[in-house]
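Let's take a walk through a protein model together, one stop at a time. Have the sequence and the 3D view open, and pick out each residue as we get to it.

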Amino acid sequence: MADKFKVALALALIAAGVVGFYLLSEQALVLRVLSVLAGVAAGVAVAWQSEPGRRFVAFARESITETKKVVWPSRKETVQTTGLVFAFVVLMAAFLWVTDKSLEWVLYDLILGWK
């Protein structure tokens, strides 16, 4: 129950920061932005103390670790793959254009007799 309260409080603090942005409409923009940043910072600090917040931080750390394990393609592989995709797109566009014009010719010229 305490974790649900902490998450609700964190959301309320973030909402308070946004509300402060609009309530301080007469003030300088820097002060208004600081209001939002303070609300977000307070909300994150409170959420971090809850069990869902700790699980999220652990998940984020594990995600970073897994991302480091990925073997990324080299520049040459990326350029070659991109070139193949572009070539395929051009071929498909030409094929669809020829198909469209063929069907147009069959329907309008041969079947309906429209010129």
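Start with Glu104 and Lys101, whose side chains meet in a salt bridge, with N and O 3.2 Å apart. Keep in mind as you look that this is a predicted model. Both residues lie in helix 4, three residues apart, which is about one turn of the helix. Why does that spacing suit a pair of partners? An α-helix has 3.6 residues a turn, so residues three or four places apart point the same way. As for cover, Glu104 is partly exposed, with a relative accessible area of 34%, and Lys101 is partly exposed too, at 37%.

How many salt bridges does the structure hold? There are three, so let's visit the other two, beginning with Arg54 and Glu51. Their closest N and O atoms are 3.4 Å apart, and both residues lie in helix 3, three residues apart, or about one turn of the helix. Arg54 is partly exposed at 40% relative accessible area, and Glu51 is partly exposed at 32%.

Further along helix 3 you'll find Glu66 and Lys69, again three residues apart and about one turn of the helix from each other. Their salt bridge has its closest N and O atoms 3.2 Å apart. Here the two partners fall into separate classes: Glu66 is partly exposed, because its relative accessible area is 46%, while Lys69 reaches 56% and so counts as exposed. The cut-off behind this is that exposed means over 50%.

Now go back to helix 4, which runs over residues 75-111. Is its end-to-end distance what you'd expect for a helix, or not what you'd expect? At 1.5 Å a residue, its 37 residues should span 54 Å, and the end C-alpha atoms are 52 Å apart, which agrees. After helix 4 comes Gly113, whose phi is positive, near 75°.

While you're in this part of the chain, look for a nonpolar surface patch of about 950 Å². Leu103, Trp105, Val106, Leu107, Tyr108, Leu110, Ile111, Leu112 and Trp114 make it up. Val106, one of these residues, has its place in helix 4. Val106 has a relative accessible area of 31%, so it is partly exposed. That is enough for a place in the patch, because patches are made of residues with over 30% relative accessible area.

Next, a record to lay over the model. An unreviewed UniProt entry carries the annotation "transmembrane region" for residues 7-24, 30-48 and 78-98. What does the chain look like in those places? Over residues 7-24 it is 94% helix and 0% strand, with end C-alpha atoms 26 Å apart. Residues 78-98 are 100% helix and 0% strand, and their end C-alpha atoms lie 30 Å apart.

Let's move to helix 2, residues 29-48, and find Ser35. Is Ser35 buried or exposed? It's buried, because its relative accessible area is 17%, and buried means under 20%. The side chain of Ser35 has something to reach for: the backbone oxygen of Gly17, at 3.2 Å.

A second serine is worth a stop. Ser50 sits in the loop between helix 2 and helix 3, the latter being residues 51-69. With a relative accessible area of 0%, Ser50 is buried. Its side chain reaches the backbone oxygen of Ala47 at 2.7 Å.

Ser50 also brings us to the start of helix 1, which covers residues 2-23 and includes Ala2. Ala2 and Ser50 are 48 residues apart along the chain, yet their C-alpha atoms are separated by 8.0 Å. Ala2 itself counts as partly exposed, because its relative accessibility is 49%.

You can look for another pair of this kind with Ala45, which has its place in helix 2. Ala45 and Lys6 are 39 residues apart in sequence, and in space they are 10.0 Å apart, C-alpha to C-alpha. At 41% relative accessibility, Ala45 counts as partly exposed.

Key:
Residues are numbered from 1 along each chain as its sequence is written. This is a predicted model: local features need pLDDT of at least 70, side-chain atom pairs count only at pLDDT 80 or more; totals for chains, interfaces and linings use all residues. Side-chain values use heavy atoms; hydrogens and water are left out. Patches are made of residues with over 30% relative accessible area and no salt bridge: like charges are joined within 9 Å, nonpolar side chains (Val, Leu, Ile, Met, Phe, Trp, Tyr) within 5 Å. Accessible areas come from the Shrake-Rupley method with a 1.4 Å probe; for residues, only the protein chains shown count as cover. A salt bridge is a side-chain nitrogen of Lys or Arg within 4 Å of a carboxyl oxygen of Asp or Glu. Helices (H or I, at least four residues) and strands (E, at least two) are DSSP runs, numbered from the N terminus. Buried means under 20% relative accessible area, exposed over 50%, partly exposed in between (1.4 Å probe, protein chains only). The expected span of a helix is 1.5 Å times one less than its number of residues. UniProt positions are given in the numbering used here, feature names are shortened, and annotations may be inferred rather than shown by experiment. A polar contact is a pair of N or O atoms within 3.5 Å; within protein, one must be able to donate a hydrogen and the other to accept it, and residues adjacent in sequence count only if both atoms are side-chain atoms.
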